[in-house]
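Visitor: I've got a few minutes and a fresh model on the screen. Could you walk me through it?

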Amino acid sequence: WKEVEKLLAGPDGKRLHRDAIVSNIVNTMVLGSLAFWFAVDVVATHGPYTFPHQVVNVIGVLMVEGFLYYSVHRSFHKVRGLYWIHSYHHKFHKIVIPSSANAVTMIEFVVAYMTPIIVGIFLTRADRASGIVAASVIGITNAFIHTPGLEDSWVLPWFLVSTKDHLAHHQKSDQEFGAPVLHFDRIIQSITTGTITTTNTTTTTNCQKGA
């Protein structure tokens, strides 16, 4: 609540907070409901699969969604002429509140939020239950990484996105593009260079064999 109070007390804060609430209603209740129906009832297989198969499906969806979101999100920042799609979300830069998680343009919500999940379900041939679990994990973690106060609540493995990681992106938007579950910046870095750079530090951990 402290962050909300700070936002409301700032210049144009009340309008920004109101717009965030409206965006959440339109994106999650309207666009999100349509995407959920399409993903679960049209794209997903009806199954049900065995539990081990479902676990593989959930991980697969999270991996596909994570890579696609990372790619699209990075493009918004790096490709000239695309940032206008994403700029509204970065009005929450100094002060980030949980409702800013889905405070994005409708285009961004469809292209960057919903489409990667649908593609992930399609490519992994996930059943309905797996699709629902994967989408739920993505939605919950998206809220967590936009909630100040959770930065030091728990220590996550380097390949997962923490609240601290994503808040760093809001403050300095030329880094930390991966979200909301898998930290594809570090995953790609570890594959291509054998190193991992953690948030807000200059420490690099060597991941190569024999190091």
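## A walk through the model

Guide: Let's start with charge: in the protein chain, the mean positions of the 16 positive and 14 negative charges sit 5 Å apart. Keep in mind that this is a predicted model.

Visitor: What pattern does the protein chain follow along the sequence?

Guide: There are 8 helices and 2 strands to place. Reading along the sequence, you get α-α-α-α-α-α-α-α-β-β.

Visitor: How compact is the protein chain for its 211 residues?

Guide: The C-alpha trace spans about 55 × 50 × 35 Å along its principal axes. For 211 residues the globule rule gives 17 Å, and the radius of gyration is close to that, so the chain is as compact as a globular protein of that length, at 18 Å.

Visitor: Which residues have the most contacts inside the largest nonpolar core?

Guide: Nonpolar side chains tend to be buried together in soluble globular proteins. Here the largest nonpolar core has 31 residues, and α2, α3, α5, α6 and α8 each supply at least two of them. The ones with the most contacts inside this core are L62, A112, Y113, M114 and I121.

Visitor: Which residues does L62 touch, leaving out those up to four places away in sequence?

Guide: L62 is among the residues with the most contacts inside the largest core. With residues up to four places away set aside, its partners are A134, V137, I138, V181 and L182.

Visitor: Where is P180, the residue joined to A179 by a cis peptide bond?

Guide: Most peptide bonds are trans. The one from A179 to P180 is cis, with omega near -10°. As for its place, P180 is in the loop between α7 and α8.

Visitor: What about the other end of the chain: where is P48 found?

Guide: A cis peptide bond joins G47 and P48, with omega about 0°. You'll find P48 in the loop between α2 and α3.

Visitor: Is E176 buried or exposed?

Guide: E176 lies in the loop between α7 and α8, and has a positive phi of about 60° although it isn't a glycine. Its relative accessible area is 11%, and the cut-off for buried is under 20%. So E176 is buried.

Visitor: And D12: buried, partly exposed or exposed?

Guide: D12 is also not a glycine, yet has a positive phi of about 65°, and its place is the loop between α1 and α2. Its relative accessibility is 46%, while exposed would need over 50% and buried under 20%. So D12 counts as partly exposed.

Key
Residues are numbered from 1 along each chain as its sequence is written. This is a predicted model: local features need pLDDT of at least 70, side-chain atom pairs count only at pLDDT 80 or more; totals for chains, interfaces and linings use all residues. Side-chain values use heavy atoms; hydrogens and water are left out. A nonpolar core is a set of buried Ala, Val, Leu, Ile, Met, Phe, Trp, Tyr and Cys residues joined through side-chain atoms within 4.5 Å. Buried means under 20% relative accessible area, exposed over 50%, partly exposed in between (1.4 Å probe, protein chains only). Helices (H or I, at least four residues) and strands (E, at least two) are DSSP runs, numbered from the N terminus. Contact means heavy atoms within 4.5 Å. The radius of gyration is taken over C-alpha atoms; the globule rule is 2.2 Å times the number of residues to the power 0.38. Lys and Arg count as positive and Asp and Glu as negative; His and the chain ends are not counted. The place of a charge is taken as NZ of Lys, CZ of Arg, CG of Asp or CD of Glu.
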